[in-house]
Amino acid sequence: MASSFFLQLLTFSLIGLLGLSSRLYTQEIPDQVQVTVFEEKVVAVSSGQGGTVIQRLMPGEKVFQSGAEGLMGFALTNRRILGFSARTRIWVIRHLKPGEGALRGADAGDQIVLVVTNLGAHALSPAALNWATAPFMAGEGLINSRIGNSVGLVVTIRRILGFSASLGRWSSQNLLAGEKVTDVAVSDVTATVQTNYNLVIFNSATGEFERIR
């Protein structure tokens with residue numbers, strides 16, 4: 001009887017810890033950044049110390065899109081990708097290469113900004129001082145891209161790319177010969193891709209992929 005009681009107690013404790021871990025991962029972050037385009041400037045307003053941070057536009061530079069979510073802010077122009085974090089309180093800039101352009105604009109989550117261009121996928125996380133880039137191979141076309149609060153997912157005709165905001169890097173999983181993507185879903189910290197062969201899971205906490213056949 002005593003052993004049964006302790007087994008039940010251990011089970012309930014494990015369930016409680018798993019629930020707490022899930023809540024910690026999925027807890028929403030209050031918006032701490034606001035981005036405004038004013039005349040020839042892009043202005044980031046941070047709720048923390050440092051206040052207002054201004055990035056001036058170059059001659060002939062036009063802002064296509066701007067916004068903010070959680071810790072992250074961004075501005076997408078015809079020449080650059082500008083990312084801002086409430087933690088670093090600086091503008092992190094990536095210059096677009098000649099002929100490079102965003103395919104679907106920019107997406108922002110609480111801890112990630114994602115921009116997919118015709119040349120690759122670019123992501124920024126809160127503590128990063130540089131954009132993390134996953135270059136596309138020749139002829140690699142985009143199928144889908146999604147973000148969660150701390151995960152980015154990019155699906156091409158050749159690969160599945162997963163970005164972990166906590167690790168600040170991309171991971172890659174090649175599609176098999178004849179493998180076709182049928183469904184894509186993203187949560188706060190994980191992403192799933194269904195194919196005609198497998199279920200592919202990306203976990204942003206570990207930065208690793210798993211295949212379930």
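**A four-stranded sheet and its surroundings**

Four strands line up as an open, antiparallel sheet, in the order β16-β17-β18-β19. At the edges sit β16 (181-186) and β19 (208-212), each of which pairs on one side only. Leaving direction aside, neighbouring strands in this sheet are turned by 15 degrees against each other on average. This picture, like everything below, comes from a predicted model. As a general point, strands of a sheet pair through backbone hydrogen bonds, and the pairing can be parallel or antiparallel.

Strand β17 is a good place to look at the sheet in detail. On one side, five bridges tie β16 to β17, the two running antiparallel. One of the pairings here puts Val184 opposite Val193 of β17 as its bridge partner. The two strands make a hairpin, with three residues between them. On the other side, β17 (residues 190-195) is joined to β18 (residues 199-203), again by five bridges and again antiparallel. Here Thr190 has Asn203 of β18 as its bridge partner, while Ala191 is matched with Phe202. Another hairpin makes this connection, with three residues leading from β17 to β18.

The side chains of β17 take turns. In a regular strand, side chains alternate between the two faces of the sheet. In β17, Ala191, Val193 and Thr195 point to one face and are buried. Thr190, Thr192 and Gln194 point to the other face and are not buried. Two of these residues have already come up: Val193, the partner of Val184, belongs to the buried set, whereas Thr190, the partner of Asn203, does not.

Stepping back to the whole protein chain, its secondary structure comes to one helix and 19 strands. Of its 213 residues, 42% are buried. Among contacts with a separation of 6 or more, 43% are between residues 24 or more positions apart. The accessible surface is about 11,200 Å², and carbon and sulfur atoms account for 55% of that.

Charged side chains add some further links, with five salt bridges in the structure. In general, side chains of opposite charge can pair when their charged atoms come close. One salt bridge ties back to the sheet described above: Glu179 meets Arg211, at 2.9 Å from N to O. This pair connects distant parts of the chain, with Glu179 in the loop between β15 (169-174) and β16, and Arg211 in strand β19, 32 residues apart. Glu179 has a relative accessible area of 6%, so it counts as buried. Another salt bridge joins Arg159 to Glu140, with the closest N and O atoms 2.8 Å apart. This one also links distant parts of the chain: Arg159 lies in strand β14 (residues 159-164) and Glu140 in the loop between β11 (132-135) and β12 (142-147), 19 residues apart. Both Arg159 and Glu140 are buried. Arg94 and Glu100 form a further salt bridge, at 3.2 Å from N to O, and both of these residues are buried too.

Two loops hold a backbone oddity. Most residues other than glycine have a negative phi. Glu39, though not a glycine, has a positive phi of about 55 degrees. Its place is the loop between β1 (33-38) and β2 (41-46), and with a relative accessible area of 59% Glu39 is exposed. Arg89 is likewise not a glycine and has a positive phi, near 55 degrees. Arg89 sits in the loop between β6 (80-85) and β7 (91-95); its relative accessible area is 31%, so Arg89 is partly exposed.

Definitions and conventions:
Residues are numbered from 1 along each chain as its sequence is written. This is a predicted model: local features need pLDDT of at least 70, side-chain atom pairs count only at pLDDT 80 or more; totals for chains, interfaces and linings use all residues. Side-chain values use heavy atoms; hydrogens and water are left out. Buried means under 20% relative accessible area, exposed over 50%, partly exposed in between (1.4 Å probe, protein chains only). Contact means heavy atoms within 4.5 Å. Accessible areas come from the Shrake-Rupley method with a 1.4 Å probe; for residues, only the protein chains shown count as cover. Two strands pair if DSSP finds at least two bridges between them. Axes are lines fitted to C-alpha atoms, for helices over the stretch in contact, and angles run from 0 to 180 degrees between N-to-C directions. A salt bridge is a side-chain nitrogen of Lys or Arg within 4 Å of a carboxyl oxygen of Asp or Glu.
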